[in-house]
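The report below goes through one protein chain and the ligand bound to it. It starts from a single loop residue and then turns to the overall fold, the ligand site and a buried pair of side chains.

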Amino acid sequence: MSEPLKDTVTVVGAGLVGSLLSLYLARRGHTVELLERRADMRRETVDAGRSINLAISTRGLHALRQLGLEDEALKHAIPMRGRMIHPPQGALVYQPYGKDDSQHINSLSRAWLNAFLMTAAEATGKVNIRFKQRVTQLDLGPGALTVHDDATGQVRQETGRVVFGTDGSASAVRQALEKLPGYTGTQEQLGHGYKELTIPPGPGGTFQMEKHALHIWPRGTYMLIALPNEDGSFTCTLFLPWQGPVSFASLDTPERLSAFFDAQFPDAKALIPDLMEAFFSRPTGSMVTVKGAPWRAGGLTLLLGDAAHAIVPFFGQGMNCGFEDCVVLDTLLERGGSWENVFTEFERLRKTNADAIADMAVENFVEMRDSTGDPRFQLRKAVEKV
Ligand code: FAD
């Protein structure tokens, strides 16, 4: 085995993947400068990102386990053992994920997980997280990173380090690769947006719906889902087309929204006391699939996580996939060799998988919003179980 590479490296973006990657690199002996454009979410109120909670599955847990972090994460997670389907009328239908309760996914707070990973990274003594540091450009020629310090207003250039781009779906690091001759890629915005709503805890912090399920209100071209939170609340996400007869554009008054929820989601409406205020004041999120290549330039830079392969959230695998990136990179670093060889092999191993899961995530949107509510699908699931 060749000597491990022990340089100081720069990681751009202290989101879920950048924080986890820094932990893996620190364990290998690297000193990590982690640049994050937001303020420190552990000290100031900042928007933690694109969803309040998310589902972590075996793939993501495996990545945490390698660093001894899985047990602590699971203490804050709520197992979801199946889907609970809410039809427009009639009884709820429960669809277990597996043959027994051991097969489940877990609902976890994004903000808690991000803060937990950042604190664990700093605790290694090898990761220096610098907040309010916005990367605007990577010049691949000299390998120069342009960083705006939003705390002081100063702009500086950093050179001479390997740069990992974990700065999400609108990655500034990826923009440098997009300028390379031969770069090919697509960015497809989904025709649906999403809005987060909250079902508060019941009296004494109780759950007002089944705690251990991912709740789905499938309605054909749109749907509502809800994941449980530790405090007894549920975070609901309403996925709707941007335009059309039932869309964010058409639900433009409290009266229309109220009538829509009465007809489609009456049980949810009864549990969301601030529906009107939340719907009209909270931002509407967009979703994108990013496919492109290369993810790397020589031994200078590599993309991981959403920066490399943003996917729509319907498979609950975006973060899980990004966490798996970190495990694969770590395995390759263990084998040794130059950064360039490691990065080339990483892309070879991960690109096909990332493209496949991106397509499956779009397909699963159709299954979730449509087929899960179809009696034939429910019958098929029942037969599969037997
Ligand atoms: P991000 O989370 O986007 O983090 C990027 C970080 O980089 C941020 O901290 C950002 O502030 C910082 N940054 C950005 N630009 C710069 C810059 N120029 N300079 C410095 N810093 C910068 N995935 C799952 O696995 N399970 C789920 O259940 C799930 N649910 C989802 C629900 C919704 C509604 C959405 C939208 C996504 C969901 N995902 C889920 C996907 C998941 O959110 C992403 O895959 C995951 O956040 C990717 O992590 P990341 O660190 O690569 O990118």
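Lys-132 sits in the loop that runs between β8 (127–130) and β9. In this predicted model, the residue has a positive phi of about 55°, although Lys-132 is not a glycine. Most residues other than glycine have a negative phi, and most peptide bonds are trans. Is Lys-132 buried, partly exposed or exposed? Its relative accessibility is 30%, and because buried means under 20% and exposed means over 50%, Lys-132 counts as partly exposed.

A second backbone feature concerns the peptide bond between Ala-293 and Pro-294, which is cis, with omega at about 5°. Pro-294 belongs to the loop between β17 (285–293) and β18 (296–297).

**The chain as a whole**

The chain contains twelve helices and 19 strands. Its radius of gyration is 22 Å, close to the 21 Å that the globule rule gives for 386 residues, so the chain is as compact as a globular protein of that length. Measured out along the principal axes, the C-alpha trace spans about 65 × 50 × 45 Å. Of the 386 residues, 51% count as buried, and the accessible surface comes to about 17000 Å², with 52% of it belonging to carbon and sulfur atoms. Among the contacts between residues at least 6 apart in sequence, 70% join residues that are at least 24 apart.

**The ligand and its shell**

The ligand is surrounded by 31 residues, of which the closest are Glu-36, Ala-55, Arg-110, Val-135 and Asp-306. By type, the residues of this shell divide into twelve nonpolar, eleven polar and eight charged. The table lists polar approaches of the protein to oxygen atoms of the ligand.

| Residue | Part of the residue | Distance to a ligand oxygen atom |
|---|---|---|
| Arg-38 | N or O atom in the side chain | 2.9 Å |
| Asp-306 | N or O atom in the side chain | 2.8 Å |
| Gly-318 | polar backbone atom | 3.3 Å |

Taken alone the ligand exposes 990 Å², and the protein buries 92% of that area. Which elements give two or more residues to the shell around the ligand? They are α1 (16–27), β3 (53–56), β9 (133–139) and α10 (318–335).

**His-309 and Cys-321**

His-309 lies in helix α9, which covers residues 306–309, and with a relative accessible area of 4% His-309 is buried. The side chain of His-309 forms a polar contact of 2.7 Å with the side chain of Asp-325. Not counting residues up to four places away in sequence, His-309 touches Val-290, Trp-295, Cys-321, Gly-322, Asp-325 and Ala-354.

Cys-321, one of the residues that His-309 touches, has its place in helix α10. Cys-321 counts as buried, because its relative accessibility is 4% and the cut-off for buried is under 20%. Leaving aside neighbours within four places in sequence, Cys-321 is in contact with Arg-59, His-309, Arg-350 and Ile-357. From Cys-321 to Leu-69 the separation is 252 residues in sequence, and in space the two are 17 Å apart, C-alpha to C-alpha.

Note on methods. Residues are numbered from 1 along each chain as its sequence is written. This is a predicted model: local features need pLDDT of at least 70, side-chain atom pairs count only at pLDDT 80 or more; totals for chains, interfaces and linings use all residues. Side-chain values use heavy atoms; hydrogens and water are left out. A residue is near a molecule or strand if one of its heavy atoms lies within 4 Å of it. A polar contact is a pair of N or O atoms within 3.5 Å; within protein, one must be able to donate a hydrogen and the other to accept it, and residues adjacent in sequence count only if both atoms are side-chain atoms. Accessible areas come from the Shrake-Rupley method with a 1.4 Å probe; for residues, only the protein chains shown count as cover. Helices (H or I, at least four residues) and strands (E, at least two) are DSSP runs, numbered from the N terminus. Ala, Val, Leu, Ile, Met, Phe, Trp, Tyr, Cys and Pro count as nonpolar, Asp, Glu, Lys and Arg as charged, and the others, Gly among them, as polar. Buried means under 20% relative accessible area, exposed over 50%, partly exposed in between (1.4 Å probe, protein chains only). The radius of gyration is taken over C-alpha atoms; the globule rule is 2.2 Å times the number of residues to the power 0.38. Contact means heavy atoms within 4.5 Å.
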